[in-house]
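Q: Hey, I'm new to this one. Can we walk through it together?

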Amino acid sequence: MIKLVETWNKITNSAFKRSMLVLGLVLLAFFSAFLWPLPEKVDEIPVIDGVIGEFEYPVFHRIGEMGLYLDNDQEFGYFALTSPGSGWLAIGFSPSDIHMGANYLFFSVVGDEVFVGDHYGVSQFVHESDIDLGGSMDIEYFSGVEDQGSVVEFVFRLNSGDDFDTVLEVGKSYSIVVAYNEFDDVFDSKHTQWYKHKISILRD
Amino acid sequence: MKTRSKFNDAEFWLVTLILLLTIHIATAESLGRLNFNISIFSTRFTHFLSIIGSAFVVLYTPLYYYLKRRNPRITKNLLKFHIFGNTISCTFVTIHFVARLIRLPIGLGVLLYLFMLLLFLSGYTFRYGVLKPLNIFIKNIPHNNRYLHVSLTASFYIVFLFHLLQVTDFQ
């Protein structure tokens with residue numbers, strides 16, 4: 001009994017009170033963070049500046065090590081693509097057989113510059129520039145930042161009118177591939193990693 | 001000898017205040033209620049914070065060990081600078097870590113951050129004895145073990161080296 005009382009006295013000493021106070025304050029600091037108001041959702045089109053803002057895009061897909069942010073209206077698709085590498089990154093819409101038939105959009109961020117390529121999968125393993133095939137480069141706006149990974153934002157017309165581009169219709173789903181090269185910015189260099197995924201074009 | 005109560009210790013409360021602010025900011029940031037999406041020269045603001053924080057920890061820690069042995073008389077001031085500098089650095093790196101966690105995969109950064117957190121916690125509990133009440137149940141809990149803090153520092157440097165190689169695209 002005496003030992004029990006001694007133990008209780010030890011527990012309720014000032015060190016114990018101090019520890020409990022610190023614990024209480026830690027919990028207070030944690031839960032009081034929930035009192036911050038949520039930022040209002042801004043119903044505006046994304047700003048193509050290479051920085052993905054909170055609530056800038058309504059849809060986010062984590063695809064392996066890559067990230068894809070989406071928004072669209074009736075005419076344009078607004079995309080942001082992220083990769084953990086410093087080399088090129090790309091998205092391909094509607095591939096039928098590996099590269100075949102896919103509309104590829106390539107990006108690479110080199111310093112402050114962003115290089116883009118609008119390609120088409122001409123066979124299982126080859127993709128060529130739309131311009132070389134007689135089409136056109138249809139990425140409307142783009143921007144990117146390289147910071148321990150790459151982030152690119154771009155605008156693409158849902159129906160560009162180019163035979164080598166996929167027509168994206170609102171409310172429909174499309175299979176996509178995303179890929180990146182960890183170090184190399186040359187579009188012809190082989191991907192470090194690629195992933196298949198499915199996305200939906202939002203109803204406006 | 002009577003020891004001064006930590007309740008009256010301004011240093012303890014100041015470090016605790018920084019800790020509480022860090023928890024508050026990191027939680028609000030992870031919930032999307034605080035946003036640090038500001039770019040400076042095409043680099044995120046939080047990345048700048050992490051560079052400042054990491055640079056301080058990496059450079060000052062060996063300097064601290066060196067200077068306190070070379071000139072023991074200034075150990076007290078060196079220790080204060082070590083405590084406040086590293087605590088604020090930990091806050092900076094936490095802001096960057098959370099911003100990155102909700103945006104991109106982070107690789108070795110997770111491990112590095114974990115070591116930094118353990119370093120802070122072991123230092124905090126060691127210095128201020130906040131785990132002291134547990135002494136009656138467990139002997140040699142971390143705050144009594146200075147070697148834990150030192151060995152964590154060594155581990156931190158090993159992971160930091162690999163993280164540096166990773167982020168600088170070393171092949």
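**A first look**

A: Sure. Strands β4(A) and β10(A) pair in the antiparallel sense over 5 bridges; strands pair if DSSP finds at least two bridges between them. Helices (H or I, at least four residues) and strands (E, at least two) are DSSP runs, numbered from the N terminus.

Q: What kind of model is this, and how are things numbered?

A: This is a predicted model, where local features need pLDDT of at least 70, side-chain atom pairs count only at pLDDT 80 or more, and totals for chains, interfaces and linings use all residues. Residues are numbered from 1 along each chain as its sequence is written, while chains are lettered from A and ligands numbered from 1 in the order in which they are written.

Q: OK, back to β4(A) and β10(A). Which residue in β10(A) is the bridge partner of Gly92(A)?

A: Gly92(A) has Val177(A) as its bridge partner there.

Q: And what joins β4(A) to β5(A)?

A: 5 bridges join β4(A) to strand β5 (residues 103-110) of chain A, and the two run antiparallel. In β5(A), Phe106(A) is the bridge partner of Ala90(A).

Q: How many residues of β4(A) are buried?

A: Strand β4 (residues 89-93) of chain A is mostly covered, with 5 of its 5 residues buried. Buried takes 20 or more other C-beta atoms within 10 Å of the residue's own, exposed takes 12 or fewer, and partly exposed is in between, with C-beta atoms placed from the backbone.

Q: Which residues point which way from β4(A)?

A: Leu89(A), Ile91(A) and Phe93(A) point one way, Ala90(A) and Gly92(A) the other way, and all are buried. In a regular strand the side chains alternate between the two faces of the sheet.

Q: What's the order of strands in the sheet?

A: The open sheet has 6 strands in the order β7-β6-β5-β4-β10-β11 (chain A), with antiparallel pairing. Its edge strands are β7 (127-129) and β11 (193-200) of chain A, each pairing on one side only. From one strand to the next, the twist averages 30°.

Q: How many bridges join β10(A) to β11(A)?

A: There are 8 bridges between strand β10 (residues 173-180) of chain A and β11(A), which run antiparallel. Tyr180(A), for example, has Gln193(A) as its bridge partner in β11(A).

Q: Switching chains: how many helices and strands in chain B?

A: Chain B comes to 5 helices and 2 strands. Its elements run α-β-β-α-α-α-α from the N terminus on. Chain A has 3 helices and 11 strands.

Q: How do α2(B) and α3(B) pack?

A: Helix α2 (residues 45-70) of chain B and helix α3 (residues 75-101) of chain B pack at an angle of about 155°, with their axes 8 Å apart. That makes them roughly antiparallel (under 35 degrees is roughly parallel, over 145 roughly antiparallel, 65 to 115 roughly perpendicular, the rest oblique). The axes are lines fitted to C-alpha atoms, for helices over the stretch in contact, and angles run from 0 to 180 degrees between N-to-C directions.

Q: What about α3(B) and α4(B)?

A: The axes of α3(B) and helix α4 (residues 109-128) of chain B come within 10 Å and cross at roughly 145°. Residues making the contact include Phe97(B) of α3(B) and Tyr113(B) of α4(B); contact means C-beta atoms, placed from the backbone, within 7 Å.

Key
Contact = placed C-beta atoms within 7 Å.
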